[in-house]
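User: I would like a close look at one part of this protein, the sheet together with whatever packs and bonds around it. Please take it slowly and connect the details into one picture.

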Amino acid sequence: MAFGRFGGHAQGPQAEINMVPLIDVMLVLLVIFMLSAPLMTHAVRLSLPNAQSSATPPEPAKVELSLDAQGQLFWDGAQIPREQLGLRLQQLARQQPQPALHLRADQSTRYQALADIMAEASRQGVKQIGFISDPHPAP
C-alpha cells in the first residue's frame with residue numbers, strides 16, 4: 001500500500017520501501033536457527049573397543065669411546081689405559097639392555113686403530129656400534 005498526498009495526484013513513483021515484512025522474515029529465520037542449532041550438536045554414541053598396551057621401554061644408555069690423534073682412549077670422557085678396554089667392553093656386553101657403543105675418532109687417526117677397537121668389541125659381545133662424526137667439517 002502506497003502512501004499518497006491529500007490534495008492531488010502523486011507526481012512520480014513512490015521511493016519508500018516497506019521494511020515490516022523484511023523484519024518479520026528475519027525474525028522467523030532467527031527463531032528457526034535458535035531452535036535447530038542445539039539439535040545439530042548431538043554426539044554419536046559409540047561402543048569403543050578396549051585395548052591395553054605395555055609401557056614403552058626406556059632407550060638403552062650409550063657409552064662414548066673416544067680415540068684422539070695420539071692414540072689415547074677416553075671412556076665417557078675419562079681417559080683409560082688400552083689394557084682396560086677389553087674388560088670395559090666385556091662389562092658393557094653383559095648389561096641388559098645392552099648400551100650402544102659410540103666411537104669417536106680424531107680425523108688423523110689411522111683406520112687400523114679403529115679396526116682393532118671394533119674387533120675387540122665384537123669379540124667381547126658388543127652388538128651395537130656406531131660412529132660419531134662432525135656433520136660440518138672445518139674448511
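Analyst: What follows starts with the overall layout, moves to the sheet, and then treats the core, the charged pairs and two backbone details.

The model is a predicted one, and it contains three helices and five strands, which succeed one another along the sequence in the pattern α-β-β-β-α-β-α-β. Of its 139 residues, 18% are buried, and the protein exposes about 12,100 Å², of which carbon and sulfur atoms supply 59%. Among contacts with a separation of 6 or more, 60% are between residues 24 or more positions apart.

The sheet is open and has five strands in the order 3-2-1-4-5, with mixed pairing. Its edges are formed by strand 3 (78–80) and strand 5 (129–132), each of which pairs on one side only. Averaged over neighbouring strands, and with direction ignored, the turn of one strand against the next is 30°. Helix 2 packs on this sheet, where it touches strand 1, strand 2, strand 3 and strand 4, and the direction of helix 2 makes about 30° with that of strand 2. At the other end of the strand order, strand 4 and strand 5 run parallel and are joined by four bridges; within this part of the sheet, Leu 103 stands opposite Phe 131 in strand 5.

The packing can be followed further through the largest nonpolar core, which has 16 residues, and in which Leu 65, Trp 75, Leu 89 and Leu 101 touch the most other members. Two or more residues of this core are given by each of strand 1 (62–67), strand 2 (73–75), helix 2 (85–94), strand 4 (100–105) and helix 3 (111–124). Helix 2 makes the largest contribution, with four residues, and it is also the helix that packs on the sheet by touching strand 1, strand 2, strand 3 and strand 4.

Leu 65 gives a detailed view of these surroundings. Once residues up to four places away in sequence are set aside, Leu 65 touches Leu 73, Phe 74, Trp 75, Leu 85, Leu 101, His 102, Leu 103, Arg 104 and Ile 117. Two residues in that list, Trp 75 and Leu 101, are themselves among the core members with the most contacts to other members, and Leu 103, also in the list, is the residue that stands opposite Phe 131.

Arg 104, another residue touched by Leu 65, leads to the charged pairs, of which a search of the whole structure finds two. In one of them Arg 104 forms a salt bridge with Glu 64, with 3.9 Å between the closest N and O atoms. This pair links distant parts of the chain, since Arg 104 lies in strand 4 and Glu 64 in strand 1, 40 residues apart. Both partners count as partly exposed, Arg 104 at 37% relative accessibility and Glu 64 at 26%.

The other salt bridge joins Arg 123 to Glu 120, with the closest N and O atoms 2.6 Å apart, and here both residues lie in helix 3, three residues apart, about one turn of the helix. The two partners fall into opposite classes: Arg 123 counts as exposed because its relative accessibility is 60%, above the 50% limit for that class, whereas Glu 120 counts as buried because its value is 18%, under the 20% cut-off. Leaving aside neighbours within four places in sequence, Glu 120 is in contact with Gly 86 and Leu 89, and Leu 89 is one of the core residues that touch the most other members. The charged residue Glu 120 of helix 3 is therefore a buried residue in contact with a member of the nonpolar core.

Two backbone details complete the view, both of them in loops. In the loop between helix 2 and strand 4, the peptide bond from Gln 96 to Pro 97 is cis, with omega near -10°. In the loop between strand 2 and strand 3, Asp 76 has a phi near 55°, a positive value in a residue other than glycine, and Asp 76 is partly exposed, with a relative accessible area of 47%.

Note on methods
Residues numbered from 1 in each chain as written. Predicted model: local features only at pLDDT ≥ 70, side-chain atom pairs only at ≥ 80, totals over all residues. Heavy atoms only, no water. Buried < 20%, exposed > 50% of the residue type's maximum accessible area, 1.4 Å probe, protein only. Contact = heavy atoms within 4.5 Å. Areas by Shrake-Rupley, 256 points an atom, 1.4 Å probe, with all protein chains shown as cover. Core = buried A, V, L, I, M, F, W, Y, C linked by side-chain atoms within 4.5 Å. Pairing = 2+ DSSP bridges. Axes fitted to C-alpha atoms, helices over the stretch in contact; angles between N-to-C directions. Salt bridge = Lys/Arg side-chain N within 4 Å of Asp/Glu carboxyl O.
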